[in-house]
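Me: I'd like a close look at a single part of this one, please. Pick a helix in the middle of things and walk me through how its neighbours pack against it.

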Amino acid sequence: MEAERLVGVSRRALAQSRGTPDIIAEAWQAQALAQAIGSRLAADGPKELRGEARGLSEIGGRSSGSLDHPAARAGVARAARLSGLAEPRATLTGLGTLLGEVGMALVGVACETDEQGLYWQCMEAIDAADESMDRVHGMLRRLDEQDRERQQDLERGRERDGPYGPYGAVGGPAAGTTAVGRDRAGLRE
């Protein structure tokens, strides 16, 4: 399943969670998904994202084990269905939103529980979600910087080439090689 779609599935599952066990399960799923997306970007993503992506993968791997949930013990992660990552920016934007929602849901669980063990599991998972979100935001900033640099390069090229592009008003490098093109360019044989 494509990464953006998996993020959407996870967001819907978290929104439909009813009670602590469901929220814990979805928090674990989100961290497993962050790990899988980080691994995919580290291996095949844009070069400028690979360092941050490795960090995201490591955080996801460390933190998904901190939540005690039957799915975690069984290793049944939705992220195992990840088949591709078509658009890094959209995937990272969705993943950042998911991690924020997970953090908020875990705050709710931590505030409602009287069980010390669960409280501290939630605190660790909240920290991991925040750290993962920081990595995601770092990658989005890099993509924004890259887009700005490309835009500036395009604008510099337009300024250098003038209003008619690199070949002027004639129409291209070979425009003067045909009789019609030479005539347009004002050239006579």
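Reply: The protein has 7 helices and 0 strands, so to speak a plain α-α-α-α-α-α-α when you read along the sequence. Keep in mind that this is a predicted model. Of its 189 residues, 41% are buried. Take the contacts between residues at least 6 apart in sequence: 78% of them join residues at least 24 apart.

The part I'd pick is helix H5, which covers residues 88–112. Let's go through its partners one at a time.

Start with H2, residues 20–44. The axes of H2 and H5 come within 10 Å and cross at roughly 150 degrees. Angles over 145 degrees count as roughly antiparallel, and that makes H2 roughly antiparallel to H5. The crossing is left-handed. On the H2 side, the residues that meet H5 include Ile 23, Ile 24, Ala 27, Ala 30, Ala 34, Ile 37 and Leu 41. Facing them from H5 are, among others, Leu 92, Leu 95, Leu 98, Leu 99, Val 102 and Leu 106. By class, this contact comes out as 17 nonpolar, 3 polar and 1 charged.

Glu 26 of H2 is part of that contact with H5 too. Glu 26 is buried, with a relative accessible area of 10%, which is under the 20% cut-off. Setting aside neighbours within four places in sequence, Glu 26 is in contact with Ser 10, Ala 13, Leu 14, Ser 17, Arg 78 and Val 102. As for Ala 105, its C-alpha atom is 9.6 Å from that of Glu 26, with the two positions 79 residues apart along the chain.

For a contrast within H5 itself, look at Glu 112, which is found in that helix. Glu 112 is exposed, with a relative accessible area of 66%. Its C-alpha atom and that of Thr 20 are separated by 9.3 Å, although the two residues are 92 apart along the chain.

Next comes H1. The axes of H1 and H5 come within 9 Å and cross at roughly 20 degrees. The two helices are therefore roughly parallel to each other, and here as well the crossing is left-handed. H1 brings Ala 3, Glu 4, Val 7, Ser 10, Arg 11 and Leu 14 to the contact. H5 answers with residues including Ala 90, Gly 94, Leu 95, Leu 98, Glu 101, Val 102 and Ala 105. The classes here are 8 nonpolar, 4 polar and 3 charged. Leu 95, Leu 98, Val 102 and Ala 105 are listed in the contact with H1, and they are listed in the contact with H2 as well.

Now for the core. The largest nonpolar core has 39 residues, and Ile 37, Leu 92, Leu 95, Leu 98 and Leu 106 touch the most other members. The elements giving two or more residues to this core are H1 (3–15), H2, H3 (50–64), H5 and H6 (116–161). H2 gives the most, with 11 residues.

Leu 92 is a good residue to zoom in on. Leaving out neighbours within four places in sequence, Leu 92 is in contact with Leu 41, Leu 49, Val 136, Met 139, Leu 140 and Leu 143. Leu 41 belongs to H2, while Val 136, Met 139, Leu 140 and Leu 143 fall in the 116–161 range of H6.

Technical notes:
Residues numbered from 1 in each chain as written. Predicted model: local features only at pLDDT ≥ 70, side-chain atom pairs only at ≥ 80, totals over all residues. Heavy atoms only, no water. Axes fitted to C-alpha atoms, helices over the stretch in contact; angles between N-to-C directions. Helix = DSSP H or I, 4+ residues; strand = E, 2+ residues; numbered from the N terminus. Parallel < 35°, antiparallel > 145°, perpendicular 65-115°, else oblique. Left-handed = near helix turned anticlockwise from the far one by under 90°. Contact = heavy atoms within 4.5 Å. Nonpolar A, V, L, I, M, F, W, Y, C, P; charged D, E, K, R; others polar. Core = buried A, V, L, I, M, F, W, Y, C linked by side-chain atoms within 4.5 Å. Buried < 20%, exposed > 50% of the residue type's maximum accessible area, 1.4 Å probe, protein only.
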